[in-house]
Amino acid sequence: VRELEAELAALRSEHETVRSQYMRIAADFDNFRKRQSRDQEDQRALIACTTLSEILPVVDNFERARQQLEPQAEEAQAIHRSYQGLYKQLVDVFKQLGVSPMRVEGEPFDPSLHEAVLREPSEEHVEDVVIAELQRGYHLNGRVLRHALVKVSMGPGPSGQEEAPASSPDA
């Protein structure tokens with residue numbers, strides 16, 4: 001009986017060891033599967049961002065053409081309507097893919113969304129407020145696809161009372 005009890009205790013110990021190994025391996029595999037899924041999603045997002053970023057200049061050119069051209073002749077208007085139809089189709093596809101334009105004018109400057117290329121004094125805006133959009137920025141499902149190129153306010157310019165002397169002793 002003692003022999004059987006000792007054998008039973010040894011088998012229980014071995015069972016617990018094998019069971020704990022199994023649990024660790026199962027947990028490791030589950031973590032691996034989750035990590036692979038996350039990496040695959042990140043890869044898809046990167047490919048989408050890269051591809052869509054290459055197409056954004058086409059959208060920009062459509063917008064520039066729309067702003068600059070005002071066709072007068074009937075034939076020119078027909079061509080204008082035709083390429084505007086293509087532009088609308090392109091914008092609709094972008095919307096379906098989760099691409100949305102940023103609205104930046106009047107917003108506080110945010111370096112994670114905007115790229116400041118100009119700064120100028122402004123009587124109408126306080127410091128670090130976007131006063132003009134030079135190139136539209138876009139989001140892709142909440143991620144920045146392209147930063148907006150913006151002009152940022154430096155606040156009110158120097159007034160007549162705060163002017164520095166024309167020549168300084170250090171110069």
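1. Serine 122 sits in the loop that runs between strands S2 and S3. The model is a predicted one, and the remarks below should be read with that in mind.

2. Serine 122 has a relative accessibility of 8%. The residue therefore counts as buried, since the cut-off for that class is under 20%.

3. The side chain of serine 122 makes two polar contacts with backbone nitrogens further along the chain: one with the nitrogen of glutamate 124 at 3.3 Å, and one with the nitrogen of histidine 125 at 3.2 Å.

4. Once neighbours within four places in sequence are set aside, serine 122 is in contact with Ser153, Gly155 and Pro156. Of the strands, S6 covers residues 148–153, and Ser153 is among the contacts of serine 122.

5. On the sheet itself: three strands make it up, in the order S2-S6-S3, and the sheet is open with mixed pairing. Strand S2 (114–120) and strand S3 (130–135) are the edge strands; each has a single partner strand, so one side of each has no neighbour in the sheet. Averaged over neighbouring strands, and with direction ignored, the turn of one against the other is 30°.

6. The pairing of S2 with S6 is parallel and runs over six bridges. Within S6, lysine 151 is the residue that stands opposite leucine 118. As general background, the strands of a sheet pair through hydrogen bonds of the backbone, in a parallel or an antiparallel manner.

Conventions
Residues are numbered from 1 along each chain as its sequence is written. This is a predicted model: local features need pLDDT of at least 70, side-chain atom pairs count only at pLDDT 80 or more; totals for chains, interfaces and linings use all residues. Side-chain values use heavy atoms; hydrogens and water are left out. Two strands pair if DSSP finds at least two bridges between them. Helices (H or I, at least four residues) and strands (E, at least two) are DSSP runs, numbered from the N terminus. Axes are lines fitted to C-alpha atoms, for helices over the stretch in contact, and angles run from 0 to 180 degrees between N-to-C directions. Buried means under 20% relative accessible area, exposed over 50%, partly exposed in between (1.4 Å probe, protein chains only). A polar contact is a pair of N or O atoms within 3.5 Å; within protein, one must be able to donate a hydrogen and the other to accept it, and residues adjacent in sequence count only if both atoms are side-chain atoms. Contact means heavy atoms within 4.5 Å.
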